[in-house]
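Please look through the following predicted model with one strand and its surroundings in mind. The points below are grouped by topic, so that each can be checked against the structure on display.

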Amino acid sequence: MINKLIEKIRKTNAPIVVGLDPMLNYIPKHIQENAFAEFGETLEGAAEAIWQFNKGIVDATYDLIPAVKPQIAMYEQFGIPGLQAYKKTVDYCKSKDLVVIGDIKRGDIGSTSAAYAVGHLGHVQVGSKKYAGFDEDFATVNPYLGSDGVKPFIDVCKEENKGLFILVKTSNPSSGEFQDRVIDGRPLYEWVGEKVAQWGEDHMGKEYSYIGAVVGATYPEMGKILRKLMPKTFILVPGYGAQGGKGADLVHFFNEDGLGAIVNSSRGIIAAYKQEAYASFGELNYADASRKAVEVMIEDISGALNNR
Ligand SMILES: O=C(O)c1cc(=O)[nH]c(=O)n1[C@@H]1O[C@H](COP(=O)(O)O)[C@@H](O)[C@H]1O
């Protein structure tokens, strides 16, 4: 999958991911009204609205981008119908040949991690048959429980040709509270980054490892250090747009080959029509506003990379 991701980044010339993080308050009135007319103001109605909203965005952007990242919490809040909308979104994006990064941020003791890994990336055995549960291409993993909590994910990735993005330095304001703590002379995120690079060594793709890292766009100096520490690790970089990250901040997340990072924007793309810059599109044309926001993001990042 890392090979496919790289191939698609090269083809689209767009090292970006559209984050499909639908909140009801981003969803245009007409979509909500249609969904509620059919299913009522119910969890099913909400799930239908988020699915229709996502479909509009995917249809308007899939030819420009290599990948999407649905964040499962945004679906889970609507219970089982929400999870059905998540699965429908994953399948639809795959039918459009997009690489799907399931943002599930799991990680537990080994046996429990194994179940998460099977459910999201692998096949579960039922009697004599095997079934894929969610079937994303990549998943995000929280490494806090250590190697035995991560290994089951890596094992399933090897069997299934899938990949991971493991949290190394997150984009949020409090991420330093634990992640920046200095241990034996180095911050914790460096220890984790080094470990991610090691885990990745025995699951290499053609150019980069199947085992990637997450490093927030909001910490560009740390990104620069981590880039050097993990040369063969692909970095998922969230925090662009709504959290303040800009193209110029991101150049050091990339290697000299112009690869090595993929930048996510969720609210900045899916709720673009609510921003002043794209307000002229109007609520009805929300998906066209998202397409424009993708074009602007690609321009911003490739411009910054060309000028470095
Ligand atoms: O793993 C992630 O994707 C992630 C890690 C991180 O450090 N920071 C972070 O914002 N994310 C996710 O990236 C997305 C960011 O959304 P926006 O701020 O709307 O672009 C959300 O789905 C977050 O859960």
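Strand β10 is joined to strand β11 (residues 235-237) by two bridges, and these two strands run parallel. Within this pairing, V214 stands opposite L236 of β11. Between the two strands the chain passes through helix α10 (residues 220-229), and this β-α-β crossover from β10 to β11 is right-handed.

**The pairing with β7**
- Strand β7 (residues 163-169) also runs parallel to β10, and five bridges join the two.
- One of the residues taking part is K169, whose bridge partner in β10 is V215.

**The surroundings of β10**
- Because five of the five residues of β10 (residues 211-215) are buried, this strand is largely enclosed by the rest of the structure.
- In a regular strand, side chains alternate between the two faces of the sheet.
- In β10, I211, A213 and V215 point one way while G212 and V214 point the other way, and all of these residues are buried.

**G223 in the crossover helix**
- Helix α10 contains G223, and this residue counts as buried because 25 other C-beta atoms lie within 10 Å, where the cut-off for a buried residue is 20 or more.
- Apart from its neighbours within four places in sequence, G223 is in contact with V215, H252 and F253.
- Although G223 and V251 are 28 residues apart in sequence, their C-alpha atoms are 9.4 Å apart in space.

Methods
Residues are numbered from 1 along each chain as its sequence is written. This is a predicted model: local features need pLDDT of at least 70, side-chain atom pairs count only at pLDDT 80 or more; totals for chains, interfaces and linings use all residues. A residue is buried if 20 or more other C-beta atoms lie within 10 Å of its own, exposed if 12 or fewer, and partly exposed in between; C-beta atoms are placed from the backbone. Helices (H or I, at least four residues) and strands (E, at least two) are DSSP runs, numbered from the N terminus. Two strands pair if DSSP finds at least two bridges between them. A crossover is right-handed if, with the strands pointing away from the viewer, the path from the first strand over the helix to the second runs clockwise. Two residues are in contact if their C-beta atoms, placed from the backbone, lie within 7 Å.
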